[in-house]
Amino acid sequence: MEYQSFFFDDKQKINQILSNGSDEEIVGAIIGAINGIDDSQWLEEVCLRFLNHSNFWISKAAINGLGDIARIHRYLDTNRVLHALSLIDNERLLPIVKQTIQDIDIFVR
(Lines give C-alpha, C1' and ligand atoms only; values in the text may rest on other atoms or scores of the structure.)
Protein backbone atom coordinates (compact mmCIF):
# COMPACT_ATOMS: atom_id res chain seq x y z
CA MET A 1 0.00 0.00 0.00
CA GLU A 2 1.32 3.40 -0.96
CA TYR A 3 0.82 6.50 1.18
CA GLN A 4 -1.21 9.21 -0.50
CA SER A 5 -1.41 12.81 0.59
CA PHE A 6 -4.79 14.41 0.01
CA PHE A 7 -4.64 18.18 -0.26
CA PHE A 8 -6.73 20.26 -2.64
CA ASP A 9 -6.94 24.04 -2.41
CA ASP A 10 -8.76 24.79 -5.66
CA LYS A 11 -12.56 24.73 -5.35
CA GLN A 12 -13.03 24.57 -9.11
CA LYS A 13 -10.82 21.48 -9.40
CA ILE A 14 -12.56 19.88 -6.42
CA ASN A 15 -15.98 20.52 -7.96
CA GLN A 16 -14.78 19.02 -11.23
CA ILE A 17 -13.65 15.84 -9.46
CA LEU A 18 -16.85 15.68 -7.40
CA SER A 19 -18.93 15.94 -10.58
CA ASN A 20 -16.96 13.67 -12.90
CA GLY A 21 -14.50 11.65 -10.85
CA SER A 22 -14.48 7.99 -9.99
CA ASP A 23 -15.67 6.93 -6.55
CA GLU A 24 -12.06 6.74 -5.35
CA GLU A 25 -11.29 10.20 -6.72
CA ILE A 26 -14.40 11.64 -5.01
CA VAL A 27 -13.27 10.23 -1.66
CA GLY A 28 -9.85 11.80 -2.19
CA ALA A 29 -11.41 15.12 -3.20
CA ILE A 30 -13.57 15.26 -0.06
CA ILE A 31 -10.59 14.49 2.17
CA GLY A 32 -8.33 16.82 0.23
CA ALA A 33 -10.85 19.65 0.38
CA ILE A 34 -11.07 19.37 4.17
CA ASN A 35 -7.27 19.57 4.31
CA GLY A 36 -6.86 22.43 1.85
CA ILE A 37 -9.89 24.72 1.82
CA ASP A 38 -10.42 27.28 4.58
CA ASP A 39 -14.15 27.84 3.99
CA SER A 40 -16.13 25.82 6.51
CA GLN A 41 -19.52 26.62 5.01
CA TRP A 42 -18.44 25.49 1.54
CA LEU A 43 -16.91 22.33 3.00
CA GLU A 44 -20.09 21.64 4.94
CA GLU A 45 -22.10 21.86 1.71
CA VAL A 46 -19.75 19.41 0.01
CA CYS A 47 -20.06 16.91 2.84
CA LEU A 48 -23.83 17.23 3.09
CA ARG A 49 -24.08 16.65 -0.66
CA PHE A 50 -22.41 13.25 -0.31
CA LEU A 51 -23.75 12.01 3.06
CA ASN A 52 -26.21 9.57 1.54
CA HIS A 53 -24.20 8.53 -1.50
CA SER A 54 -24.74 4.96 -2.68
CA ASN A 55 -21.02 4.26 -2.27
CA PHE A 56 -20.19 3.44 1.36
CA TRP A 57 -16.70 5.00 1.20
CA ILE A 58 -17.96 8.28 -0.21
CA SER A 59 -20.61 8.54 2.51
CA LYS A 60 -18.03 7.63 5.13
CA ALA A 61 -15.65 10.33 3.89
CA ALA A 62 -18.45 12.91 3.95
CA ILE A 63 -19.53 11.97 7.48
CA ASN A 64 -15.95 11.97 8.76
CA GLY A 65 -15.45 15.27 6.94
CA LEU A 66 -18.15 16.92 9.01
CA GLY A 67 -16.35 15.84 12.18
CA ASP A 68 -13.09 17.18 10.78
CA ILE A 69 -14.72 20.52 9.92
CA ALA A 70 -15.99 20.74 13.50
CA ARG A 71 -12.53 20.01 14.85
CA ILE A 72 -10.60 22.28 12.49
CA HIS A 73 -12.97 25.23 12.10
CA ARG A 74 -15.05 24.89 15.27
CA TYR A 75 -18.13 25.85 13.28
CA LEU A 76 -20.99 24.00 11.60
CA ASP A 77 -24.65 24.71 11.09
CA THR A 78 -25.31 22.20 13.87
CA ASN A 79 -29.08 21.99 13.48
CA ARG A 80 -28.82 21.30 9.77
CA VAL A 81 -25.90 18.88 10.11
CA LEU A 82 -27.36 16.94 13.04
CA HIS A 83 -30.67 16.62 11.22
CA ALA A 84 -28.92 15.29 8.10
CA LEU A 85 -26.90 12.84 10.20
CA SER A 86 -30.06 11.62 11.94
CA LEU A 87 -31.48 10.54 8.57
CA ILE A 88 -28.64 8.10 7.88
CA ASP A 89 -29.89 4.57 8.39
CA ASN A 90 -27.07 2.48 6.94
CA GLU A 91 -26.03 0.24 9.85
CA ARG A 92 -22.39 0.24 8.72
CA LEU A 93 -22.29 4.04 8.90
CA LEU A 94 -23.96 4.47 12.30
CA PRO A 95 -20.74 4.14 14.36
CA ILE A 96 -19.15 6.81 12.16
CA VAL A 97 -22.20 9.04 12.60
CA LYS A 98 -21.96 8.57 16.38
CA GLN A 99 -18.28 9.59 16.39
CA THR A 100 -19.01 12.64 14.23
CA ILE A 101 -21.79 13.76 16.57
CA GLN A 102 -19.34 13.42 19.47
CA ASP A 103 -16.82 15.56 17.57
CA ILE A 104 -19.51 18.20 16.98
CA ASP A 105 -20.44 18.15 20.67
CA ILE A 106 -16.81 18.57 21.71
CA PHE A 107 -15.64 21.16 19.21
CA VAL A 108 -18.68 23.20 18.20
CA ARG A 109 -21.22 23.31 21.00
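**Exercise 1. State how many helices and strands the chain has, and assess its compactness.**

Solution. The chain contains six helices and zero strands, where helices (H or I, at least four residues) and strands (E, at least two) are DSSP runs numbered from the N terminus. Read from the N terminus, the order of elements is α-α-α-α-α-α. The radius of gyration is 13 Å, close to the 13 Å that the globule rule gives for 109 residues, so the chain is as compact as a globular protein of that length. Here the radius is taken over C-alpha atoms, and the rule is 2.2 Å times the number of residues to the power 0.38.

The model is predicted: local features need pLDDT of at least 70, side-chain atom pairs count only at pLDDT 80 or more, and totals for chains, interfaces and linings use all residues. Residues are numbered from 1 along each chain as its sequence is written, and side-chain values use heavy atoms, with hydrogens and water left out.

**Exercise 2. Describe the largest nonpolar core and identify the helices that supply it.**

Solution. A nonpolar core is a set of buried Ala, Val, Leu, Ile, Met, Phe, Trp, Tyr and Cys residues joined through side-chain atoms within 4.5 Å; buried means under 20% relative accessible area, exposed over 50%, partly exposed in between (1.4 Å probe, protein chains only). The largest such core has 35 residues, and those with the most contacts inside it include Leu18, Ile30 and Phe50. Helix 1 (11-20), helix 2 (23-36), helix 3 (40-50), helix 4 (56-73), helix 5 (78-86) and helix 6 (94-107) each supply at least two residues. Helix 4 gives the largest share, eight residues.

**Exercise 3. Characterise the surroundings of serine 59.**

Solution. Serine 59 belongs to helix 4. Serine 59 is buried, with a relative accessible area of 1%. Apart from neighbours within four places in sequence, serine 59 is in contact (heavy atoms within 4.5 Å) with Phe50, Leu51, Asn52, His53 and Leu93. A polar atom of the serine 59 side chain lies 2.9 Å from the backbone oxygen of leucine 51.

**Exercise 4. Compare the span of helix 2 with its expected value, and state what its buried residues pack against.**

Solution. The expected span is 1.5 Å times one less than the number of residues. For the 14 residues of helix 2 the expectation is 20 Å, and the end C-alpha atoms are 20 Å apart, which agrees. Among the buried residues of helix 2 are Ile26, Ile30 and Ala33. The buried residues of helix 2 pack against helix 1, helix 3 and helix 4.

Terms used
Polar contact = N/O pair within 3.5 Å; in protein donor to acceptor, adjacent residues only side chain to side chain.
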